[in-house]
Amino acid sequence: MPEGDTVWNTARVLGRALGGARLTASDFRVPRLAGTDLAGWTVRESASRGKHLLLRRSAPAPAGTGAGPTGRSTTRGPGGVAGWTLHSHLRMDGAWRAYAPGERWTGRPAHLIRAVLRAPDAVAVGYHLHELALVPTAEEDALVGHLGPDLLGADWDPAEAVRRLVAAPEATIGEALLDQRNLAGVGNLYKCEVLFLRGLSPWTPVGAVPDLAGTVALAQRLLAANRGRWTQSTTGSLRRGETSYVYGRRAQPCRRCGTAIRKEELGERVTYWCPACQPEPRVGTGPGAGPEPPASAP
């Protein structure tokens, strides 16, 4: 599941494969970047921002003002270098893979390839990438500036994340944690697991969460614990079938109380929860709940 930790890991893989390398060829298979040539450009950095991947590059052109890789005019930075960023979003199904030159590309079917970046010692292949765009590095905020604090970023700010969450107290905590404008990096897996561990119904209004700071802190700890590995575990076990408490376990017994795990839609996503360990809020916001009954006449 490409959540914040997966994108962080992917950025490190690409950084090891391409960092400091001068690209020898590129191939973009999306209309907006068709014909774009990054040959001669140097990969300076591979970074993540929430669920967004940012490959920053330096232009080979001399100092002065000239055309960037998309044909747009750009001003050279210090040392005559123009910085451009290749942005991609993995969403639910995207992936980057790094291969040795001549190695067979086995990540996904060939028709899903959206980008190929070649360097002397490695080839990076992007499958089913979303929001693929090439922008001046100085303009990255146009793509990621709306995001909340990055749970795995060096500038992680839990107080700011809490401030953004409480700005909409009527929103359900399940939907609020997925809103990347509040905090960047939580996906459906971590949403479900955090709420189970905190004993919170996904339908609890943000304003009714007793310790919002504790919920935010737990989300950060879970993502950080899975940094550097591909198996996402919230239970402490890396064994198949033992890595989650509720996510993906519909109708299976709760690991704490034995109650069958439930699955329902919440907003545009599904959610998993234990109805015993995560009781519904008293206000009628749970699955299938109607409006709160009117008060009785005196």
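**Exercise 1. The annotated domain**

Find which residues the annotation "domain: FPG-type" covers, and describe the secondary structure of that span.

*Solution.* The UniProt annotation "domain: FPG-type", which comes from an unreviewed entry, covers residues 245-279. In this predicted model, the end C-alpha atoms of residues 245-279 lie 16 Å apart, and the span is 0% helix and 29% strand.

**Exercise 2. An open sheet and its edges**

Work out in what order the four strands of the open sheet lie, and which of them are the edge strands.

*Solution.* Begin with the order, which is 1-8-9-7, with antiparallel pairing. Next look at the edges: strand 1 (25-28) and strand 7 (95-99) each pair on one side only, and they are therefore the edge strands. The twist from one strand to the next averages 15°. Finally, take one pair in detail: strand 7 and strand 9 (residues 123-127) are joined in the antiparallel sense over five bridges, and A98 stands opposite A124 in strand 9.

**Exercise 3. The helix that lies across the sheet**

Determine where helix 1 lies, whether its end-to-end distance agrees or disagrees with the expected span, and how many of its residues are buried.

*Solution.* Helix 1 (residues 4-18) lies across strand 7, strand 8 (113-118) and strand 9, and it runs at about 30° to strand 7. For the length, count 1.5 Å a residue: the 15 residues of helix 1 should span 21 Å, and because its end C-alpha atoms are 21 Å apart, the two values agree. For the burial, recall that a residue counts as buried under 20% relative accessible area; by this cut-off 11 of the 15 residues are buried, and helix 1 is mostly covered. Among the buried residues are W8, L14, A17 and L18. Just after helix 1, G20 takes a positive phi of about 80°.

**Exercise 4. A hairpin**

Describe how strand 2 and strand 3 pair, and say which residue of their hairpin takes a positive phi.

*Solution.* Strand 2 (residues 42-49) and strand 3 (residues 52-58) pair in the antiparallel sense, and the pairing extends over seven bridges. Within this pairing, V43 stands opposite R57 in strand 3. The hairpin has two residues between the strands, and in it G50 takes a positive phi near 60°.

**Exercise 5. Positive phi without glycine**

Locate R91 and A251, and decide for each one whether it is buried, partly exposed or exposed.

*Solution.* Most residues other than glycine have a negative phi. R91, although not a glycine, has a positive phi of about 50°, and its place is in the loop between strand 6 (83-89) and strand 7. Because its relative accessibility is 42%, R91 counts as partly exposed. A251, also a residue other than glycine, has a positive phi near 75°, and its place is in the loop between helix 6 (212-225) and strand 11 (262-266). With a relative accessibility of 55%, A251 counts as exposed.

**Exercise 6. An asparagine in a loop**

Say where N182 lies, whether it is buried or exposed, and what its side chain reaches.

*Solution.* N182 lies in the loop between helix 4 (173-178) and helix 5 (188-198). Its relative accessibility is 11%, so N182 counts as buried. The side chain of N182 reaches the backbone oxygen of A176 at 3.0 Å. Leaving aside its neighbours within four places in sequence, N182 is in contact with G148, P149, A161, R164, L165 and A176.

How values were computed: Residues are numbered from 1 along each chain as its sequence is written. This is a predicted model: local features need pLDDT of at least 70, side-chain atom pairs count only at pLDDT 80 or more; totals for chains, interfaces and linings use all residues. Side-chain values use heavy atoms; hydrogens and water are left out. UniProt positions are given in the numbering used here, feature names are shortened, and annotations may be inferred rather than shown by experiment. Axes are lines fitted to C-alpha atoms, for helices over the stretch in contact, and angles run from 0 to 180 degrees between N-to-C directions. Contact means heavy atoms within 4.5 Å. The expected span of a helix is 1.5 Å times one less than its number of residues. Buried means under 20% relative accessible area, exposed over 50%, partly exposed in between (1.4 Å probe, protein chains only). A polar contact is a pair of N or O atoms within 3.5 Å; within protein, one must be able to donate a hydrogen and the other to accept it, and residues adjacent in sequence count only if both atoms are side-chain atoms.
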